[in-house]
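Here are my notes on the model, set out as numbered points. Please read them with the structure open.

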Amino acid sequence: MLSDEIFGITQNISKECLILADFEGNIVLANKKAKVVLCLDEQNYQGSSCFELFSFSYAEDLTPLDRNGLPFIATLETDKMVEDSVIGIEIGEKPLIWISVSSRMIEISGTKYAIIGFFDVTETIRKSQKLQTRKNQLDQLLASIDDMVFEVSVTGEILNCWTNDEDQLFYDPTMFLGKNLEVIFPNKLGRSFVSLIRDSLRENKSLSMEYQSPLEDNSERWYRMQVRPVYYSKQKAAVIITDISNRMKIEDEVRVNEQKFNQAFLHSGLGMALVGTDGRCIEVNNTLTKILGYDVSEMSRMKCSDYTHPDDLPYIEENMNKLKTLETESYTIKKRYIHKDGRFIWCLQTMSAVFDQHGTPIFYIAQIQDITQYRKYVEELQRNNRQLEIATIDLETKVRQLEEFNQIVAHNLRGPAGNIQMLVAEIEHADNETDRKEYLELLQCSSDGLIEIMQELIEILEVRGSKSLPMERCGFEQIYRKTIQQFSAEIHTKGAVIEADFEVPAISYSRIYLESIMYNLIGNALKYTVPGRKPQITIRSYASEGKCGFSVKDNGIGIDLDRYGMHVFKFRKTFHSGYDSKGIGLFMTRHQIESLGGRIYVVSEPDKGSTFYVQFDK
Amino acid sequence: MTKLRIAIIDDDSIFRFIFGKMVMKFPEAATEVIGFEDAVSAIKHFQSVKDRREDWPDMLFVDINMPQMTGWEFMDEVCRMEMDFVSNIPVFILSSSTSLADMEKINEYEFIDDYLIKPLKKIEFMELLREYYHKTVGSDGEG
């Protein structure tokens, strides 16, 4: 019979736990180790059921095992040999351990026994599980990268693949794992893949290439393939595929935008310049060169102060600061540039800034427009406007005069004409010859009067329509002497004292008019004297407002301007009875002055005298 | 029977003459014409006879367009000096102007009865004199 000696030897040598069980699974013999592990009683273990002892067993995935799951059941029931079956077991209060169980049937003296051997593989299992977990983690990590990662052999065979989005793969993994790239992509593309991998492994460095998707229904997508040798391996490479379609799209957009800007910049009808933060031009377009005369190499060497009018510099600085501090997005100013040939050019300049992501200006864009022509137009417009204004005033004056004229015609012609009508009617029904004679005389008188007024009016019309008057240099002194001579009798009779002071000696005017003006004004001064008062008349010519002025001052009866102010220079208005005047003198004088652009006004006080001021337009 | 006294203020001497001659030919009564060359002297005169009713004129004709003082200015002066006799006698404005503005201006003065346009047609003028003569005579009660 088997003796404990054999067991004793085996238990010294072997780390294995050994059990000898009968065909029912009850323990016949157990070695020391087995007793320990299974918590068997040293003395009374025989007969314990294995099934009972192993009642809390688990498979490797921790699912509980029932009796039929136990590895040695095969041996017990069908004499089968079991080797290295790993199960987990909980014995008593002890924590779960993993054991590797082997069992076989032996026959001893005709009786069948099962030898069940097992040993603790907890450590091993744990390590293996850890490794598995780690591998899972790594797989997950790899798979969670947006890129697709492949493990490829040096010949181009796809060994492994990780991706978090299976849709990204062109094909189902089963279709390409283990296959060669050149087979999967049978054209130039596949070949370039493989040679990239080969080069990368040979040179032991990371290489990459970009390619467009070879699939027709996917052709807008672009990918980047990065190949890196797997650590210390000459045989395997990691291939990382990144979808760069978006990046390509963005780059394309950027390229288009850049082109848009470039085209706009180069071909703009405005002068444009890119100016660096140091104030020098980085880039200028042809239009600007045309405007200022410098080309880009010249301008890049010049500072703003070199091509700007000095008076404009502080203004520019002020505005640039506003740009820099983001107070304004852009500014537009008028400034003078200095052309290459030295002259100043007025330009309209708009400046804006381009900032980096921190808000610091990296460069400035200047747009420059030559406004010389525009300014010329504006000046011309202004000039034309001024002329229009003058013409308007002129027209307004003429209209006013015409209206006056109309009134004059109405009042002054109707009178005598009406009288003539009445007289003719009377003559027709005259009772006697005496009456008729009387009427006829009056008729004569009336018609003479009518003619006279018409004559005056015609003269006035001529004054008005006087565009082509002969103008000549008229000396005041000379005309004055002539006029005085004409009034010599009256001057003598009244004992008038006349003084003349001609600061301005002469004026370019119509001689006839000037003579008439002087005659009329001096004549009035002599006429409207205060009886008993010695007439004192002062005549002057002087410079006033850049033009020539003329005045006649007397100490006569004066005019009540409050009452008659508006009527002084009107047709046939008199303000004093008893003086021989028809009142047309001042009216005529006024027109002789106004039609040549001048004006006349009077300052007067009753009983003190009057001063008539004439302001010529030259 | 007292004479019908008609006053005319007009600067046109010829017109005054013709006017006078026409008035003299008034058939229904003997007439007397007093003419004034300008409004100022007319004012002076009326001022002096303000309180003597027998020296008032029976009718007054005033020209608008006169140099020193116009017909309107005369009317203003009359109001200002409160010459009430004008309210009791027919007062007429004379003018060669047919302007509506002028014609309507007579409405501003209560005592102005009508606006006459020069030249005067003899027949119409006689009609006018007759009309107002009867009015005056009727209200006065004088024969």
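1. Start with the pairing of β16 (residues 344–355) and β17 (residues 361–370) in chain A. The two strands run antiparallel and share nine bridges. One register to check is C347(A), which sits opposite D370(A) in β17(A). Keep in mind throughout that this is a predicted model.

2. Both strands belong to an open sheet of five. The order in chain A is β14-β13-β17-β16-β15, with antiparallel pairing. At the edges stand β14 (281–284) and β15 (330–338) of chain A, each paired on one side only. From one strand to the next, the twist averages 30 degrees.

3. A helix covers part of this sheet. Helix α12 (residues 313–324) of chain A lies across β15, β16 and β17 of chain A. Its direction makes an angle of about 150 degrees with β15(A).

4. Chain A also has an open sheet of seven strands. Here the order is β2-β1-β7-β6-β5-β3-β4, and the pairing is antiparallel. The edge strands are β2 (27–30) and β4 (64–65) of chain A; each has a single partner strand, so one side of each lacks a neighbour in the sheet. Within this sheet, β5 (residues 82–89) and β6 (residues 97–108) of chain A are antiparallel and joined by six bridges. For the register, G88(A) has W98(A) in β6(A) as its bridge partner.

5. Next, look at β21 (residues 536–544) of chain A, the strand that holds I537(A). Strand β19 (residues 497–502) of chain A runs parallel to β21(A), and six bridges join them. With β22 (residues 547–553) of chain A, β21(A) forms seven bridges in the antiparallel sense. Two pairs fix the registers. I498(A) is bridged to I537(A) in β21(A), and I539(A) is bridged to V552(A) in β22(A). The hairpin of β21(A) and β22(A) has two residues between the strands. There, E545(A) takes a positive phi near 55 degrees.

6. Is I537(A) buried or exposed? I537(A) has 21 other C-beta atoms within 10 Å, so it counts as buried, the cut-off being 20 or more. Leaving aside residues up to four places away in sequence, I537(A) touches A496(A), I498(A), I522(A), A525(A), V552(A), K553(A) and D554(A). N555(A) is 18 residues from I537(A) along the chain, and their C-alpha atoms are separated by 7.0 Å.

7. Now chain B. It has six helices and five strands. From the N terminus on, the elements follow the pattern β-α-β-α-β-α-α-β-α-β-α. Of its 143 residues, 31% count as buried. Among chain B contacts with a separation of 6 or more, 68% come from residues 24 or more positions apart.

8. Helix α2 (residues 39–48) of chain B has two distinct sides. A39(B), A42(B), I43(B) and F46(B) are buried. Why do these buried residues line one face of the helix? Seen down the axis of α2(B), they fall within an arc of 100 degrees, so they line one face. The general rule is that an α-helix has 3.6 residues a turn, so residues three or four places apart point the same way. On the other side of α2(B), K44(B) and S48(B) are exposed. The cover over the buried residues of α2(B) includes β1 (4–9), β2 (31–36) and α3 (71–80) of chain B.

9. The two chains touch. In all, 16 residues of chain B are in contact with 20 residues of chain A. Helix α1 (residues 13–24) of chain B supplies five residues, the largest share of the chain B side. By class, that side has seven nonpolar, four polar and five charged residues.

10. Which helix of chain A packs on α1(B)? Helix α13 (residues 372–428) of chain A does, at an angle of about 35 degrees and with the axes 10 Å apart. The crossing of α13(A) and α1(B) is left-handed. From α13(A), N419(A), M422(A), L423(A) and E426(A) meet I14(B), F15(B), I18(B) and K21(B) of α1(B). This helix contact comprises five nonpolar, one polar and two charged residues.

Key: Residues numbered from 1 in each chain as written. Chains lettered and ligands numbered in written order. Predicted model: local features only at pLDDT ≥ 70, side-chain atom pairs only at ≥ 80, totals over all residues. Pairing = 2+ DSSP bridges. Helix = DSSP H or I, 4+ residues; strand = E, 2+ residues; numbered from the N terminus. Axes fitted to C-alpha atoms, helices over the stretch in contact; angles between N-to-C directions. Contact = placed C-beta atoms within 7 Å. Buried ≥ 20, exposed ≤ 12 C-beta atoms within 10 Å, placed from the backbone. Arc of directions from axis to C-beta. Nonpolar A, V, L, I, M, F, W, Y, C, P; charged D, E, K, R; others polar. Left-handed = near helix turned anticlockwise from the far one by under 90°.
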